[in-house]
Amino acid sequence: LFRDKRIPLFSVISSSFVLVCGGATLISHDAYWVVLEYTIYNGLFGIVLLIGSLRGHGLLKELFSTMFHITDHGWKILSLRWSFFLLIVAFGNEIVWRMYGEGPWVHYRLFAALFLCIFGFSQFFLVRTHRLPHASPWGLRM
């Protein structure tokens, strides 16, 4: 907000999902809204990124271009990778919740968060390969 003089769109989207589903959980006293939030958020985000990738657009560029300076081809690859990751996480979320219940689902979410971190950090190698000349060695905005 201070550096770019704008509210980050990604933060608005993710915060909205948390507020709506968290509020629905508190109002209805039904924990499934928390599970549903992960499924809908990851599933929709994955589908949108996949459709954009299939149309030749790296939609993550719209959300993170102020942080990373990489080529358009790099954005397309990054968007496609994240779309597959998010769809797998959304699918796994529903399978674990429906087949095994709340306790195993909590463990699944813990491991999904760990894999998210590992996957996210592994994408820096792609960013590094496709960085623009004026970016840092890891493709970050300087």
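**Exercise 1. Work out the order of secondary-structure elements along the chain.**

Reading along the sequence, you get α-α-α-α-α-α. Counting by type, that is six helices and zero strands, where helices (H or I, at least four residues) and strands (E, at least two) are DSSP runs numbered from the N terminus. A word on the input: this is a predicted model, so local features need pLDDT of at least 70 and side-chain atom pairs pLDDT 80 or more, while totals for chains, interfaces and linings use all residues. Residues are numbered from 1 along each chain as its sequence is written, and side-chain values use heavy atoms, with hydrogens and water left out.

**Exercise 2. Describe the overall dimensions, burial and contacts.**

Start with the box: along the principal axes, the C-alpha atoms fill roughly 50 × 30 × 25 Å. Next, burial: 36% of the 142 residues count as buried (under 20% relative accessible area; exposed is over 50%, partly exposed in between; 1.4 Å probe, protein chains only). Finally, take contacts (heavy atoms within 4.5 Å) between residues at least 6 apart in sequence: 62% of them join residues at least 24 apart.

**Exercise 3. Work out how H1 packs on H2.**

Step one, the geometry. The axes of H1 (residues 9–28) and H2 (residues 32–54) come within 9 Å and cross at roughly 155°. Axes here are lines fitted to C-alpha atoms, for helices over the stretch in contact, with angles from 0 to 180 degrees between N-to-C directions.

Step two, the label. That angle makes H1 roughly antiparallel to H2, since angles over 145 degrees count that way (under 35 is roughly parallel, 65 to 115 roughly perpendicular, the rest oblique).

Step three, the residues. On the H1 side you'll find Phe10, Phe17 and Cys21, among others, and on the H2 side the list includes Trp33, Glu37 and Tyr41. Sorted by type, the contact has twelve nonpolar, three polar and one charged (Ala, Val, Leu, Ile, Met, Phe, Trp, Tyr, Cys and Pro are nonpolar; Asp, Glu, Lys and Arg charged; the others, Gly among them, polar).

**Exercise 4. Look for disulfides, then compare Cys21 with Cys117.**

The cut-off is a pair of cysteine sulfur atoms within 2.5 Å. Searching the whole structure turns up zero disulfides. As for accessibility, Cys21 is buried at 8% relative accessible area, whereas Cys117 is partly exposed at 42%.

**Exercise 5. Place His130 and find its neighbours.**

His130 sits in the segment after helix H6 (124–129). With a relative accessible area of 16%, His130 is buried. Leaving out residues up to four places away in sequence, His130 touches Ile70, Thr71, His73, Gly74 and Ile77.
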